[in-house]
Amino acid sequence: MATRPELRGTFGAVSSTHWLASAAGMATLEAGGNAFDAAAATGFVLQVVEPHLNGPGGDVPILFFDAASGRAQVICGQGPMPQAATPEAFQALGLLRIPGSGLLPATVPGAFGAWLRLLEEHGTMRLAQVLQYAVGYAADGYPVLPKAAEAIAVLAELFRDEWTQSGRTYLVDGAPPRPRSRLRNPALAETYRRIIKEAEAAGPGREQQIRAAHQAFYGGFVAEAIDAHLRTAALDATGRRNRGLLTGDDMARWEPRTEATVHRAYRGLEVHKPGPWSQGPVFLQQLALLEGFDLAAMGLDSADYLHTVIECAKLAYADREAWYGDPDFTDVPLSALLAGDYADERRRLVGDRASGTLRPGAPAGRPPRIPPLDRAEPPVGPYWQGQLYDGLPTVFPPVVAATEARGDTCCLTVTDRHGNMVAATPSGGWLKSSPVVPGLGFPLGTRGQMAWLEEGHPNSLAPGKRPRTTLSPTLVLQDGQARLAFGTPGGDQQDQWTLGFFLAHADFGLDLQRAVETLAFHSEHVPSSFTPRTHRPLAVRIESRRSDEAAAGLTRRGHALVSVPDWSLGKVCAVGVEPGDGLLRAAASPRGEQAYAVAR
């Protein structure tokens, strides 16, 4: 039995990782906006109420279906590396890898521009209308999530002594805020207000104002503040103080792009993902492998099912490591990776025993390459220094169980009565990523940590190149119409946790809420995308409510199970449309006690 009902309605549906953001999205629909207006309003609120996981300085891929054009597309809100970011620049600092926090790994902030692009090209509302909820929560306050309060408490010494602008933003009278207490961010509220003011001064046109807002952020006062901020050294994950490489010129030359999705058929559905500048195609590669198995006959969450899904994930993710990167800079053999004959060949590698070997394939006969996984020890220092060394947004208190889940971000999904649909996973610019920019109220993202300094790999560092991101929303079409949109927080695990949800729905017929709440698990076989790129080749993290029979079966096959608390892996959010009667549907994971769906 599900902990919540699947919500159904006829007007609109919103599901996101925070109840206030979901409410703002529905309020936007109620005020006459469409799904694109509502998604932008939801995304801007997430920047305020989940500061430990995302912000205006971060990044976002936005998948959407526009009913008027009948097309699914993706807006790439992943900003590129600065022009000064070269392997030589990092090597001159004595670095063998890009640090996971500080100023050095900062990319062009893509999230704000991506939401503006969606609003400009597909929305109907003015920027002031869409931003009003984010402004309100930043100015008047919002309840601090327990995880955010915990993270601020761990980093309080850093914020007081080193990242003093972060201290002014997140500390209350020099102390961490209490969980669920009211926290304000007046500097961020003023940043939003000034952007709106400059936008409205540009003229009466809606699109004209949105373009002016883009200029204010990427070529005006926001870019100027960021440029000045990165010229001053700040303590980072190396244990030293370093200046940044990002400049105002890098920001001024950037524009978010609308691109074609990558898609593949599965069980009569058309599944769409972002391109290989994300890890999105790994979801499609898993489906291509799993298509050759009778999963329904195995039984949901049986040992056979779990083993098969885990082994297919290992193969797909190994290809991610060897082949994915910014296609503007590298030749990603995507057609070959998604081809049926390649999937047939790779599927034969799935045996009765768990594989402990990283096995990327050779699509079109090309030899794969994965850089060596050198291990560097974190700098010696206070506890919070080790937290900076780990590039994930998750911050752990000094006493924490080894089974604690790692990796987090945000997600949102929206659909409206007109047939429009959006799925997005905002992330980056979290509170431990980088010090808050003076006067702006938000830090920068550190997605640059995901690029390799070793040259010749598809994800090697280069000026102006997008580092491969883990952010991976999903959109599903059926008979030319939007059928389903979903996503989850979770770093590298996103395309394993959402795969479990999707298979439960598509192969086993569970409704959205029951599919959201099905058993969650993931392999740690491949290296993490985040510094320091940890991996455990045979490890499988799985929620404790798995059956004893399934656990015994996996162990016999050679998997090293790590049981984690129930309801602790992921926060899948989903909206959909019932194929028969057109009812709108929504579901949200109870994990973390913060994601909520709304439908009417």
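These questions and answers cover two sheets in a predicted model and the helices that pack on one of them.

Q: Which strands are the edge strands of the open sheet with the order 1-20-19-15-14-11-10?
A: This sheet has seven strands with antiparallel pairing. An edge strand pairs on one side only. That holds for strand 1 (7-9) and strand 10 (262-266).

Q: Which residue in strand 11 stands opposite Tyr266?
A: Strand 10 and strand 11 (residues 269-273) pair in the antiparallel sense over five bridges. Tyr266 belongs to strand 10, which covers 262-266. The residue opposite Tyr266 in strand 11 is Leu269.

Q: At about what angle does helix 18 run to strand 15?
A: Helix 18 (residues 494-506) packs on the seven-strand sheet and touches strands that include strand 19 (573-577) and strand 20 (584-588). Strand 15 (481-487) also lies under helix 12 (residues 281-290), which runs at about 150° to strand 11. For helix 18 and strand 15, the directions make an angle of about 135°.

Q: Why is one side of strand 16 and of strand 18 left without a neighbour in the sheet?
A: The open sheet here has three strands in the order 16-17-18, with mixed pairing. Strand 16 (521-523) and strand 18 (560-564) stand at the edges, so one side of each is left without a neighbour, as each has a single partner strand.

Q: What is the bridge partner of Val540 in strand 18?
A: Strand 17 (residues 539-543) and strand 18 pair in the parallel sense, over five bridges. One of the residues in this pairing is Val540, and its bridge partner in strand 18 is Leu561.

Definitions and conventions. Residues numbered from 1 in each chain as written. Predicted model: local features only at pLDDT ≥ 70, side-chain atom pairs only at ≥ 80, totals over all residues. Heavy atoms only, no water. Pairing = 2+ DSSP bridges. Helix = DSSP H or I, 4+ residues; strand = E, 2+ residues; numbered from the N terminus. Contact = heavy atoms within 4.5 Å. Axes fitted to C-alpha atoms, helices over the stretch in contact; angles between N-to-C directions.
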